Amino acid sequence: MNLCNTNNYDPTIIAEKIKKECTRQNITVKTMLQELNINHAALTKMTHGGAPSYITLARICDYLNMSVDALLNRPIPEPEPPNLDAAISTVA
């Protein structure tokens, strides 16, 4: 199993990435939080090391049109190529 760098799970780093992505998309953090009905304290808590809920992260990522994997800098595994020999033998 290939584990990723758990430093990417540091809430302070995640909060900074969210802020940078908002800036990149020309969205204010305040607007995003208001539209998602997320208390600003949730992001403030993250900037001080408090872990966000997975639901909060998922909602923010959906809003910013990014994956949680991208937010956490997790590599996206390459899909296994199909086993054509097995498929052919099943059909034959």
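Select lysine 45 together with Gly50 and Ala51: leaving aside residues up to four places away in sequence, these two are what lysine 45 touches in this predicted model. Lysine 45 itself belongs to helix H3, which spans residues 40–47, and with a relative accessible area of 48% it is classed as partly exposed, because that class lies between the limit for buried, under 20%, and the limit for exposed, over 50%. Now add alanine 15 to the selection and draw a line between the two C-alpha atoms: lysine 45 and alanine 15 are 30 residues apart in sequence, and the C-alpha to C-alpha separation in space is 9.1 Å.

**From H3 to H1**

Alanine 15 leads to the next selection, helix H1, residues 11–24, to be shown alongside H3; the axes of H1 and H3 come within 7 Å and cross at roughly 125°. That crossing makes H1 oblique to H3. To display the contact, show the side chains of Pro11, Thr12, Ile14, Ala15, Ile18 and Lys19 on H1, and those of Leu43, Met46 and Thr47 on H3. If the residues of this contact between H1 and H3 are coloured by character, they divide into 6 nonpolar, 2 polar and 1 charged.

**The loop after H1**

Follow the chain out of H1 and stop at asparagine 26, which is found in the loop between H1 and H2. Its backbone deserves a look, since the phi of asparagine 26 is near 60°, a positive value in a residue other than glycine. Switch on the surface here, and asparagine 26 counts as exposed, at 73% relative accessibility.

**Helix H2 and its two sides**

Next select helix H2, residues 29–36, and pick out its buried residues, which are Val29, Met32, Leu33 and Leu36. Turn the view so that you look down the axis of H2: the buried residues fall within an arc of 95°, so they line one face of the helix. Which residues are exposed on the other side of H2? Selecting Lys30, Gln34 and Glu35 shows them, for these three are exposed on that other side. Return to the buried residues of H2 and bring the surrounding helices back into view, and the partners against which they pack can be identified as H1, H3 and helix H4, the last of these covering 54–63.

**The loop after H2**

Moving on along the chain, H2 is followed by asparagine 37, whose place is in the loop between H2 and H3. Here too the backbone is worth inspecting, because asparagine 37 has a positive phi of about 55° although it is not a glycine. With a relative accessible area of 69%, asparagine 37 is exposed.

**The whole chain**

To finish, clear the selections and show the entire protein chain, which has 6 helices and 0 strands; read along the sequence, its pattern is α-α-α-α-α-α. Colouring by burial picks out the buried residues, which make up 26% of the 92 residues in the protein chain. For a contact map, consider the pairs of residues at least 6 apart in sequence: among those contacts, 66% join residues at least 24 apart. How much accessible surface does the protein chain have, and what percentage of it belongs to carbon and sulfur atoms? The accessible surface comes to about 6700 Å², and 55% of it belongs to carbon and sulfur atoms.

Technical notes. Residues numbered from 1 in each chain as written. Predicted model: local features only at pLDDT ≥ 70, side-chain atom pairs only at ≥ 80, totals over all residues. Heavy atoms only, no water. Helix = DSSP H or I, 4+ residues; strand = E, 2+ residues; numbered from the N terminus. Buried < 20%, exposed > 50% of the residue type's maximum accessible area, 1.4 Å probe, protein only. Contact = heavy atoms within 4.5 Å. Axes fitted to C-alpha atoms, helices over the stretch in contact; angles between N-to-C directions. Parallel < 35°, antiparallel > 145°, perpendicular 65-115°, else oblique. Nonpolar A, V, L, I, M, F, W, Y, C, P; charged D, E, K, R; others polar. Arc of directions from axis to C-beta. Areas by Shrake-Rupley, 256 points an atom, 1.4 Å probe, with all protein chains shown as cover.
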